[in-house]
Amino acid sequence: QVQLVESGGGLVQAGDSLRLSCAASGLTFSRYDMAWFRQGPRKERDYVASISWSGGTPYYADSVKGRFTISRDNAKNTVALQMNSLKPEDTAVYYCAARYGGRPKYDTWGQGTQVTVSS
């Protein structure tokens with residue numbers, strides 16, 4: 001079955017960096033757009049970043065632009081999120097998501113990984 005497994009979360013201080021990784025299985029990874037979302041305490045799940053199936057121009061939420069970088073490795077079926085200059089407001093559960101190229105919604109989700117940034 002299709003499975004997305006995130007890793008790399010943890011507790012860091014403001015200004016630190018973390019790298020999240022998502023390993024995909026059970027799908028033809030190179031045909032899927034991939035994204036990261038996050039859900040902070042008492043908040044909605046928000047879009048963070050995305051990258052197309054071909055690894056084209058990535059997109060970012062304004063709140064992370066210039067600090068986060070999304071990348072993918074189609075040979076390894078992984079997508080990563082490099083997070084630099086972390087802020088306390090980045091504290092959230094981060095989710096990896098997939099959608100078949102061209103579909104409107106992300107419909108495959110991982111279980112999430114917790115990122116906590118202390119001030």
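**View 1. Arg38 is a buried residue in a predicted model.** The relative accessible area of Arg38 is 11%. Because buried means under 20% relative accessible area, Arg38 counts as buried. Arg38 belongs to strand β4, which covers residues 32-39.

**View 2. The side chain of Arg38 makes polar contacts with the side chains of Ser63 and Tyr94.** The contact between the side chains of Arg38 and Tyr94 is 2.9 Å. The contact between the side chains of Arg38 and Ser63 is 3.4 Å.

**View 3. Arg38 is in contact with residues from several places in the sequence, when its neighbours within four places are left aside.** Among them are Glu44, Arg45, Asp46 and Val48. Ser63, Val64 and Phe68 are also in contact with Arg38, as are Glu89, Asp90, Ala92, Val93 and Tyr94. Ser63 and Tyr94 appear again here, as in the view of the polar contacts.

**View 4. A disulfide joins Cys22 to Cys96.** A search of the whole structure finds one disulfide. The S to S distance between Cys22 and Cys96 is 2.1 Å. A disulfide is a covalent bond between the sulfur atoms of two cysteines. The link of Cys22 and Cys96 is left-handed, with -80° about the S-S bond.

**View 5. The disulfide partners Cys22 and Cys96 lie in strands β3 and β9.** Strand β3 (residues 18-25) holds Cys22, and strand β9 (residues 92-100) holds Cys96, so the pair ties together parts that are 74 residues apart in sequence. Both Cys22 and Cys96 are buried.

Methods. Residues numbered from 1 in each chain as written. Predicted model: local features only at pLDDT ≥ 70, side-chain atom pairs only at ≥ 80, totals over all residues. Heavy atoms only, no water. Disulfide = S-S within 2.5 Å. Helix = DSSP H or I, 4+ residues; strand = E, 2+ residues; numbered from the N terminus. Buried < 20%, exposed > 50% of the residue type's maximum accessible area, 1.4 Å probe, protein only. Polar contact = N/O pair within 3.5 Å; in protein donor to acceptor, adjacent residues only side chain to side chain. Contact = heavy atoms within 4.5 Å.
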